Amino acid sequence: MVTSGAPGGEGSGDHPQPKTRRIGWLGVLAGALAAIVGGVIGGFIVRGTSGGSSTPTATGTQSVCQATTVADKGLPSVVTISAQAPGGQGGGTGTGEIIRAGGYILTNNHVISVAANGGTVEVLYNDGRSVKATIVGRDPLTDLAVLKADDGAKGLPVIAVGSSKSLVVGQPVVALGAPLGLFGTVTAGIVSATDRDVEVPGDAGQSAHLVGAIQTDASINPGNSGGPLVNCAAALVGVNTAIATVPNEAGQGGGGSVGLGFSIASDVAVPIADELIDRGTVSHFSVGMQVQTLPPEVARRAGLPAGLFVESVTSGGPAAQAGITQGDVVTKIGDEPAVSPEQLTVAELGARSGQTVDLTVEKGGTSAQTTLTPVRQGQ
């Protein structure tokens, strides 16, 4: 089962595992006392490794990070977040990191969403000071949010930012945060895999998507969500968001880390954070069409292939320019059979990394392949 780590967190081996389109029943680690929801992960076998310490570098060629050095450098930029719903009707704790001067703090949306409509947020610095904070902006689709500390986090350093694209499987990393409310906690591990696409529960029954996520065996638990996954130079490479747990006899998720944690890659998270700070909202990319699942039985009766039925196409958008029209059926997205609109959402989110979207589309009994370049919505 996978759960997320903040109100918080996949296989390893000599090479990265194939990208996982969806990992079912991911739960959000909403707080130290929050229940973790989860589900069975099919077919993932994970093996972690460790080794002796060596001089810390940003290259990831050593076997483990010197955690004391990483902690000394990274923890001053880490905060513990407490969010409360209006009237104190629920809340939780999580973690964040100071991402920009002036007290701007990056965290997960699920850490602070309970306070989004009139609730309160407070941050606890690593030096013991506590201040109020306001929500600058949040993006439920990618489970990211930005806060601003009321005192501007004066005297505290902004976390260094590294490149998640440079990570390699087996590279040592360190997770910093407040699992179960225990602020200033440091756990070490490795990058178990990269480029995972992970679906987690989002706001109002919707899904959030961790696109190109980092999988790690560094321990991540409830309360870690929103906190930094850093390299040996204490530079941010991921935002800890979800963990996998083992189902109990009742079919519910277990309560803690089993060495399967997922972090939003810094190359995805930081640009979204910048946009939230600068604009308060995030505009995502789109291929310009709406689709819905076409069940096999319905497709058979209509004389259509199973896949995603194109309900509408935006005039002048990438799909329209490629000749896709209402009534067409998308049968493949990339190399995968098209079975859920979530697949298209994931592909569109990948546009932030410069990816195109490869589709196989059937029109009037003829199948053809096309490559679309998503554009920013509103353009």
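## The second largest cavity

In this predicted model, the second largest cavity holds a volume of about 50 Å³. Two strands each give two or more residues to its lining: E3 (78–84) and E6 (120–125). E3 puts in the largest share, with 3 residues.

Going around the wall of this second largest cavity, you'll meet Leu75, Val78, Val79, Thr80, Leu124, Tyr125, Asn126, Gly177, Phe183 and Gly184. Sorted by class, that lining comes out as 6 nonpolar and 4 polar residues, with no charged ones.

## The largest cavity

Now for the largest cavity, which has about 80 Å³ of space. Here a strand and a helix each supply two or more lining residues: strand E11 (207–216) and helix H3 (266–279). E11 accounts for the largest share of this lining, 3 residues.

The residues around the largest cavity are Thr142, His209, Leu210, Val211, Ile264, Val268, Ile272, Leu349, Gly350, Arg352 and Ser353. By class, they split into 6 nonpolar, 4 polar and 1 charged.

## Putting the two together

A quick recap of the pair. The largest cavity, at about 80 Å³, has 1 charged residue in its lining, whereas the second largest, at about 50 Å³, has no charged residues in its lining. The nonpolar count is 6 for the largest cavity and 6 for the second largest.

As for who builds the walls, strand E11 gives the largest share for the largest cavity, while strand E3 does that job for the second largest.

How values were computed. Residues numbered from 1 in each chain as written. Predicted model: local features only at pLDDT ≥ 70, side-chain atom pairs only at ≥ 80, totals over all residues. Heavy atoms only, no water. 1 Å grid on protein atoms, 1.4 Å probe; cavity = no way out; pocket = protein on both sides within 12 Å on 5 of 7 lines; lining within 4 Å. Points joined across faces, edges and corners; volume = space filled by probe spheres on them. Helix = DSSP H or I, 4+ residues; strand = E, 2+ residues; numbered from the N terminus. Nonpolar A, V, L, I, M, F, W, Y, C, P; charged D, E, K, R; others polar.
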